[in-house]
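Hi,

Here is the structure I promised to pass on. Have a look at it first, and then read on for what turned up in the packing and the charged pairs.

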Amino acid sequence: MLRRQILNGMAGVGAGLALAALPGVVAPALAQETVKVGLILPMTGASASTGRQIEAAARLYMAQNGNKVAGKTIELIVKDDTGAADQTKRLATELVVNDKVAVIAGFGLTPLALAVGPVATQAKIPAVIMAAGTSMIVEKSPYYVRTSFTLPQNTTPMAEWSAKNGIKKVVTLVADYGPGLDAEKAFKAKFEADGGKVLDQLRSPLMNPEFAAFLQKAKDLKPDALFLFVPSGQGASLMKQVNERELTKAGVKIIATGDVTDDDQLNGMGDAVIGMTTSHNYSAAHDSPENKAFVAAFLKANNNMRPNFMAVGGYDGMALIYKALEKTKGDTDGTKLVDAMKGMAWVSPRGPISIDPQTRDIVQNVYIREVKKVDGQLWNVEFATIPNVKDNTHEAAK
Ligand code: PHB
């Protein structure tokens, strides 16, 4: 196969020269010089902001760290799946078969991440999840490794904080698919174990959601707080409707995962979200030298676009690929790369992170934050840290 491709490629050079140059030495060595990474993202459609953030972060990582690792040249190939799972799968297959990528990565939503599992398993190459957050994804292929977050990981600390801070009755409202159901379950499990009561569990459709009826129902139940989860990109429209229904005025505190107060949209949500409490793995306001440098470089390279938690998943995903290649000394064997990724630990803009060697899922700090106005802009200001949180719902973690 490789010989045939080289022959075809050299046809224009002159058959005699091509054949003479072929024997086993020069051409295969050349073919190994480049390590291709296929980044499959929703660059258009409802989740386009996720694609935009992750691509920008991956390119920033490469601009800062160069495109050479262990003697190999890294080439990034970005493909737009438009947020459609059949496209994600088709593109993953093409990247493996035609482009001979060593790694696939990206995947903007849970169904898109799930679509590439069989491709990665068959090709025996790593699939680095940079965005999706449903817990069970990593259990579906031994080649999945996650640098984003999981909803149980980010939600459990919110439930614990709520029970400790005078909240006794909660209604949950989540997007009705994998990560939303994970958030709903994790919130109820921890909050009720800590003595609280979940009055109702409401679910809004993932596509074109209309929140008004759910919000009215939540308000009528008179809970102490309403817990929210919607995926990145939907937070602004949800919060607009929350504010229109005047839940806060009615005495209902608004709590959420940080997906809702997404840094990509937060500044446009208006002062009504000030005081909202959320838990999450990343805030652009995270106070560390690594994050200050990351945010400054990201803003500069992207026309002042503020990085969100998707960006940091992409940045760290590229870091993981680079670090794994360094560890294998440039060997691109997929199983060796996944083995190298297991247990990898480093300091990210979000704080210290590592890859759990048992589950291939990310272990990271989760922060409790409050929306505040600082220097005229809205930020998720962290005020408490729960260190080294693992997703505790994986079979291997039990
Ligand atoms: C997901 O589909 O897994 C997902 C997407 C966006 C989020 C969280 C989870 O903000």
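A salt bridge here is a side-chain nitrogen of Lys or Arg within 4 Å of a carboxyl oxygen of Asp or Glu. Please keep in mind that this is a predicted model.

With that cut-off, the side chains of Asp-356 and Lys-390 form a salt bridge, at 3.4 Å from N to O. This pair links distant parts of the chain, 34 residues apart: Asp-356 sits in the loop between β13 and β14, and Lys-390 in the segment after β15 (377-389). Asp-356 is buried, at 6% relative accessible area, whereas Lys-390 is partly exposed, at 45%.

The count of salt bridges comes to 19, and a few others deserve a look. Arg-146 pairs with Asp-361, with 2.7 Å between the closest N and O atoms. Arg-146 belongs to strand β6 (residues 144-146) and Asp-361 to the loop between β13 (351-355) and β14 (362-374), so this salt bridge ties together parts that are 215 residues apart in sequence. Both ends are out of reach of the probe or nearly so by the numbers: Arg-146 is buried at 0% relative accessibility, and Asp-361 is buried at 2%.

Arg-90 and Glu-94 make a local pair, their closest N and O atoms being 2.8 Å apart. The two residues are four apart in helix α5 (residues 85-97), so about one helical turn separates them. Here Arg-90 is partly exposed, with a relative accessible area of 37%, and Glu-94 is partly exposed too, at 31%. There is also a network of salt bridges that links Lys-188, Glu-192 and Lys-197.

Now to the nonpolar side. The largest nonpolar core has 92 residues, and Ile-104, Phe-187, Phe-294, Met-318 and Ile-321 have the most contacts inside it. Helix α13 (residues 309-327) supplies the largest share of this core, with 12 residues. If you want one residue to start from, try Met-318: leaving aside residues up to four places away in sequence, Met-318 touches Ala-58, Tyr-61, Met-62, Leu-76 and Met-130. A second core, separate from that one, has 23 residues, including Leu-173, Leu-238, Val-242 and Leu-378. As a general background, nonpolar side chains tend to be buried together in soluble globular proteins.

Happy browsing, and best wishes

Methods:
Residues are numbered from 1 along each chain as its sequence is written. This is a predicted model: local features need pLDDT of at least 70, side-chain atom pairs count only at pLDDT 80 or more; totals for chains, interfaces and linings use all residues. Side-chain values use heavy atoms; hydrogens and water are left out. A nonpolar core is a set of buried Ala, Val, Leu, Ile, Met, Phe, Trp, Tyr and Cys residues joined through side-chain atoms within 4.5 Å. Buried means under 20% relative accessible area, exposed over 50%, partly exposed in between (1.4 Å probe, protein chains only). Contact means heavy atoms within 4.5 Å.
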